[in-house]
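Let's walk through this model together, beginning with its cysteines and moving on to how its helices and nonpolar residues pack.

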Amino acid sequence: MKKLALIFTLIFTSILVFGQNWSVLQLEKANTAKAISFLTSVEKDAIKYINLARLYPQEFAKYEVTGYYGTAKYGDYLKNSPYITSLLNDLAKAVPSEALVFDQAAYDNAKCFATEQGLAGTEGHTRINCNKGNYAECCSYGMETGKDIVMQWLIDHNVASLGHRINCLNKSYKKIGLSVQYHKRWDKVAVADMIW
């Protein structure tokens, strides 16, 4: 009876792991902000998804990018986007890099700017009352989940410079602060600041 229970448990666990694609170990390695108690689950998820793309670029392309055409909220606006094709190409040749770890100063900087933009209803990278700092920055608007925030940055649809994608995958960056706040126009704004 114990052997039967063990076999059932192993089969069930294998199905679960296979069904979600990512292994428990991979998710654990990417989830570097899980112990930061004041971060929201969306903020933690966004950091985790950036790290999955950095740590496992080819798997990320296969598990997350292939078949991703946009959010439920905005529909399949990315269905024929050449930016998805270029992201798949970039991930195919990317060398894995270290996971980003949480940084309090970067978080404070990101939160200040996300709050400032949200209250003003603005977009872009022009700070008025928040310090600029020496950060690589990504801003996202209207996305409600950590995955959708990161996919917006990585796909960088209609952003010719691909600056957000470059920032997220740049192996020189070691630390991150990420904040999601209310936005007057888009409902949500996410700001990530990354440093060496």
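Cys112 is a good place to start: its relative accessibility of 33% makes this residue partly exposed, because buried means under 20% relative accessible area, exposed means over 50%, and partly exposed is in between (1.4 Å probe, protein chains only). Before going further, please note that this is a predicted model, in which local features need pLDDT of at least 70 and side-chain atom pairs count only at pLDDT 80 or more, while totals for chains, interfaces and linings use all residues. Residues are numbered from 1 along each chain as its sequence is written, and side-chain values use heavy atoms, with hydrogens and water left out.

Cys112 pairs with Cys130 in a disulfide, with 2.1 Å between the sulfur atoms; the term covers a pair of cysteine sulfur atoms within 2.5 Å. By this rule the count comes to one disulfide. The link of Cys112 and Cys130 is left-handed, with -90 degrees about the S-S bond. Cys112 sits in helix α6 (residues 104-120) and Cys130 in the loop between α6 and β2, so the bond ties together parts 18 residues apart in sequence. Helices (H or I, at least four residues) and strands (E, at least two) are DSSP runs, numbered from the N terminus. Cys130 is buried, at 8% relative accessible area.

What about Cys138: which cysteine sulfur is nearest? That of Cys168 is, 4.0 Å away, and Cys138 is in no disulfide. Cys138 is buried, with a relative accessible area of 0%.

Now turn to the helices. The axes of α3 (residues 41-55) and α4 (residues 57-65) come within 5 Å and cross at roughly 120 degrees. Axes here are lines fitted to C-alpha atoms, for helices over the stretch in contact, and angles run from 0 to 180 degrees between N-to-C directions. Tyr49, Leu52, Ala53, Arg54 and Leu55 in α3 meet Pro57, Phe60 and Glu64 in α4, contact being heavy atoms within 4.5 Å.

Phe60 also belongs to the largest nonpolar core, which has 44 residues; Ile50, Phe60, Trp153, Ile155, Ile176, Leu178 and Met194 have the most contacts inside it. Such a core is a set of buried Ala, Val, Leu, Ile, Met, Phe, Trp, Tyr and Cys residues joined through side-chain atoms within 4.5 Å. Helix α3 gives this core its largest share, seven residues. Beyond neighbours within four places in sequence, the contacts of Phe60 include Trp22, Leu91, Met151 and Leu154.
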